[in-house]
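Grab a pencil and work through these exercises with the model open beside you. Each task comes with a solution that goes step by step.

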Amino acid sequence: MTTLPPNDTHIDIDIEHLRRQRQLDWVASGRDLVVGHAADCPLPPDELMRLDARHPAVRELHDSGLTAEVFRVHTGGRDWAVKRARSACKVQGVDGQTSFLNEVQRRAEMAALPALQRPGLSPTVYASLKQGLIVSPWIAGSRVDGWDETGLRQLFDSGLALLRAGFFEWDFCPGNVLRDERQVWLFDYGYLYRFDPLRHFNSAGTGLSAPQHHLAERIESRHVFGWLLQLESRHGADAALRAFRIEKSIALDAYQRLRSTLATDGATATVLQWLDGICSGWCAALAGPLADLYLCEGWRSHATDLDDDLKGQTCTPTTLERADWLLQALRLHHGALAAHGTWQGEEATLDRPGLIARYEQRRRQAVEFQLPAPTSDHGGMHRPNEWPLPEKAS
Ligand SMILES: Nc1ncnc2c1ncn2[C@@H]1O[C@H](COP(=O)(O)OP(=O)(O)OP(=O)(O)O)[C@@H](O)[C@H]1O
Ligand SMILES: [Mg+2]
């Protein structure tokens, strides 16, 4: 007689490896994936595929994106975002190379889920993998340079809706978040992956192998700590701490709601205990001056973001500022960081000079991997009359 293995014997399947393999297979197969109907496009897909700056419907072009160019197209009294895949993606690595496919896959799944038809998550009008097109409503907003309570709550709410539906967003970088008059929006789903929120922490490794990555960690690492870095250097440590307190309180409230929904839905004890551990750490810190948590989350945020940028070879001047913050933290607060068990794996074996040498080396790499500066002070955005283009063909 054979005994069926308990479900938990499957937990060591590497879901990240599997996802990458399936996506590479998909690319190799040349299969198409279409979302929505071509008839809903602002212009016929063939015309969208050939779009250039001289087309009369084009109002803006965002060409600093690494995987795609994004056109603002005006037709029928409305604005549309037309994202067109670059023939050669500028991000290194499998995830970068498959990010357009990934976005079309996620948009196909999201379009079928009523819980994800909500303000804050860009809906899909039409998408086709083979045509390299994603059409969505234009978001009349701008990048978030400074956070307030409303904006942070909206961002966490979108993140929670995605998590509950089994989607984990990795890249909350400033270029992937827009805010209009009413709402903070997510619209770039290139690094949004599936996972099982009832059994897994996130979509990395086995789903349980990288407990350090979660929604607040992603938001802080990719976005909020970049802003806190600016606050710290312009307005001082106290201003940054006050802002951090607001963000952490919002994160705690979001996680308490997440914990209770996941418990109702039948999440495993492993997932619930992991969330309880995070929440109790934050609660204790919020009851005090918060400086230690700021140091630890700051280290974590800047170190992981530096790592992401080095892996993708997508470094910017902010990457260098983050590296400088890390070096300063090592020089001034090595003892406190060590006491909190900040370093894992190989880094845990290094002493202070060893860590300083390592981060000096990483800073040098970040200098090497600097992306070319955006071509305009709009951060890569052009309006037609600003382009140094040949005359329009009549
Ligand atoms: N629906 C939209 N409404 C308004 N602006 C948009 C929209 N979609 C994209 N954009 C603009 O185009 C830029 C690039 O878009 P997106 O991030 O989707 O492309 P990308 O090539 O994946 O970029 P990257 O690889 O740098 O993340 C955004 O930063 C944003 O300014
Ligand atoms: Mg993007």
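**Exercise 1.** Work out where A239 sits, and whether the residue is buried or exposed.

*Solution.* Start with the element: A239 belongs to helix 7, which covers residues 237-265. This is a predicted model, so treat that placement as computed. Next, check the accessibility. A239 has a relative value of 14%, and buried means under 20%, so A239 goes down as buried. Finally, pick a partner along the chain: E149 is 90 residues away in sequence, and the two C-alpha atoms are 15 Å apart.

**Exercise 2.** Compile a profile of the shell around ligand 1.

*Solution.* Step one is to count: 17 residues surround ligand 1, and the closest are T67, K83, I139, G175 and D188. Step two is to sort them by class, which gives nine nonpolar, six polar and two charged residues. Step three is to see which strands contribute. Strand 3 (68-75), strand 4 (78-85) and strand 6 (133-137) each put at least two residues into the shell.

**Exercise 3.** Find the partners of the ligand 1 oxygen atoms for A68, K83 and N176, then say how much of the ligand's area the protein buries.

*Solution.* Take the backbone first: an N or O atom of the A68 main chain lies 3.0 Å from an oxygen atom of ligand 1. Now the side chains. For K83, a side-chain N or O atom is 2.7 Å from a ligand oxygen. For N176, a polar side-chain atom lies 3.1 Å from an oxygen of ligand 1. Then look at the area: on its own ligand 1 exposes 610 Å², and the protein buries 86% of that.

**Exercise 4.** Which residues coordinate the magnesium ion, and which parts of the chain do they tie together?

*Solution.* Ligand 2 is the magnesium ion, and its donors are N176 through OD1 and D188 through OD, at 2.0 to 2.1 Å. To place them, go loop by loop. N176 is in the loop between strand 8 (167-169) and strand 9 (177-179), while D188 is in the one between strand 10 (184-186) and strand 11 (192-194), so the pair links parts twelve residues apart in sequence. One more check: N176 and D188 are both buried. Put this next to the earlier exercises and you'll see that N176 also has its polar contact with ligand 1, and that D188 is among the closest residues to that ligand.

**Exercise 5.** How many disulfides does the structure hold, and how far is C296 from the nearest cysteine sulfur?

*Solution.* Count first: the structure holds zero disulfides. Then turn to C296, which is in no disulfide; the nearest cysteine sulfur belongs to C283 and is 17 Å away. A pair would need its sulfur atoms within 2.5 Å. Now for burial: C296 has a relative accessible area of 17%, so this cysteine is buried. C41 counts as buried too, at 10% relative accessibility.

**Exercise 6.** Compare the settings of L290 and Q313, two non-glycine residues with positive phi.

*Solution.* Begin with the angles: phi is near 75° for L290 and about 55° for Q313. Next, locate each residue. L290 lies in the loop between helix 8 (269-286) and helix 9 (291-312), whereas Q313 is in the loop between helix 9 and helix 10 (317-339). Last, read off the accessibility. L290 is at 3%, so this leucine is buried; Q313, at 35%, counts as partly exposed.

**Exercise 7.** Decide for S301, V135 and A140 whether each is buried or exposed, and give one distance for each.

*Solution.* S301 is in helix 9. Its relative accessible area is 0%, so S301 is buried, and its side chain makes a 3.1 Å polar contact with that of R300.

V135 is in strand 6. Again the relative area is 0%, so V135 is buried. From V135 to G93 the C-alpha separation is 25 Å, with their positions 42 residues apart in sequence.

A140 sits in the loop between strand 6 and strand 7 (142-143). Here the relative area is 63%, so A140 is exposed. Its C-alpha atom is 46 Å from that of A339, 199 residues apart along the chain.

Note on methods: Residues are numbered from 1 along each chain as its sequence is written. Chains are lettered from A and ligands numbered from 1 in the order in which they are written. This is a predicted model: local features need pLDDT of at least 70, side-chain atom pairs count only at pLDDT 80 or more; totals for chains, interfaces and linings use all residues. Side-chain values use heavy atoms; hydrogens and water are left out. A residue is near a molecule or strand if one of its heavy atoms lies within 4 Å of it. A polar contact is a pair of N or O atoms within 3.5 Å; within protein, one must be able to donate a hydrogen and the other to accept it, and residues adjacent in sequence count only if both atoms are side-chain atoms. Accessible areas come from the Shrake-Rupley method with a 1.4 Å probe; for residues, only the protein chains shown count as cover. Helices (H or I, at least four residues) and strands (E, at least two) are DSSP runs, numbered from the N terminus. Ala, Val, Leu, Ile, Met, Phe, Trp, Tyr, Cys and Pro count as nonpolar, Asp, Glu, Lys and Arg as charged, and the others, Gly among them, as polar. Donors are N, O and S atoms within 2.8 Å of the metal (3.2 Å for Na, K and Ca); water is not among the atoms, so sites may look incomplete. Buried means under 20% relative accessible area, exposed over 50%, partly exposed in between (1.4 Å probe, protein chains only).
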